[in-house]
Amino acid sequence: MGVVVVAGLDGRLEAVDPTRTDAVSIGTSSAGLLDAIPVGGDAVLTAALDGSVVRWSLADGTSTVLARHNTPVLAMTASLDGALVLSAGTLGPTPLPPVR
């Protein structure tokens, strides 16, 4: 069984193993996180109040900013392999480069 990734308005990104009661920190963002979605089996994308879309490695917690909107990211989706990522703020959608 895999892990569940949880993102919070406090900026924390954590992985929770459903068979255990503790959470493992993946990283912390200075902005509140609105959404987190898994991509490619080894990464997570987050959408934040500061308009950033960030890729986080589940292996080591490193993060890479993929895009920055001028408004909070209100919606985000990706293909399972990360080849297609789309995010949207209040000014409309932004297509992103492949995650992998």
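R12 has a relative accessibility of 45% and therefore counts as partly exposed. In this predicted model, R12 is a convenient point of entry, since the residue belongs to a network of salt bridges that also links D10 and E14. The side chain of R12 meets that of D10 in a salt bridge with an N to O distance of 2.7 Å. A salt bridge also joins the side chains of R12 and E14, here at 3.4 Å from N to O. D10 is itself partly exposed, because its relative accessible area of 46% falls between the limits of 20% for buried and 50% for exposed residues.

The network leads into the first of the sheets to be described. Strand β2 comprises residues 12-16 and is joined to β1 by four bridges, the two strands running antiparallel. Within this pairing, V6 stands opposite E14 of β2. E14 is also the residue whose side chain meets that of R12 in a salt bridge. The sheet as a whole is open, has three strands in the order β1-β2-β3, and is paired in the antiparallel sense. Its edges are formed by β1 (4-7) and β3 (23-28); each has a single partner strand, so one side of each is left without a neighbour in the sheet. On average, and with direction ignored, neighbouring strands of this sheet are turned by 25° against each other.

A further open sheet contains four strands in the order β4-β5-β6-β7, again with antiparallel pairing. Here the edge strands are β4 (33-39) and β7 (63-68), each of which pairs on one side only. In this sheet the average turn between neighbouring strands, direction ignored, is 25°.

The pairings can be followed across the sheet from β4. Six bridges connect β4 with β5 (residues 43-48) in the antiparallel sense, and D35 has A47 of β5 as its bridge partner. β5 is in turn joined to β6 by five bridges, also antiparallel, with L45 opposite R55 in β6. These two strands form a hairpin with three residues between them, and G51 in the turn has a positive phi of about 90°. β6 then pairs with β7 over five antiparallel bridges, and V54 finds its bridge partner in V65 of β7. β6 and β7 likewise form a hairpin, with five residues between them; in this turn G61 has a positive phi of about 80°.

What is the burial of strand β6 (residues 52-57)? Six of its six residues are buried, so the strand is largely enclosed by the rest of the structure. In a regular strand, side chains alternate between the two faces of the sheet. In β6, both faces are covered: S52, V54 and W56 are buried on one side, and V53, R55 and S57 are buried on the other.

The search of the whole structure finds three salt bridges. Apart from the contacts of R12, a salt bridge is formed by the side chains of D50 and R68, at 3.3 Å from N to O. D50 lies in the loop between β5 and β6, whereas R68 lies in strand β7, so the pair ties together parts that are 18 residues apart in sequence. D50 is partly exposed, given its relative accessible area of 34%, while R68 is exposed, because its value of 52% is over the 50% limit.

How values were computed
Residues are numbered from 1 along each chain as its sequence is written. This is a predicted model: local features need pLDDT of at least 70, side-chain atom pairs count only at pLDDT 80 or more; totals for chains, interfaces and linings use all residues. Side-chain values use heavy atoms; hydrogens and water are left out. Two strands pair if DSSP finds at least two bridges between them. Axes are lines fitted to C-alpha atoms, for helices over the stretch in contact, and angles run from 0 to 180 degrees between N-to-C directions. Buried means under 20% relative accessible area, exposed over 50%, partly exposed in between (1.4 Å probe, protein chains only). A salt bridge is a side-chain nitrogen of Lys or Arg within 4 Å of a carboxyl oxygen of Asp or Glu.
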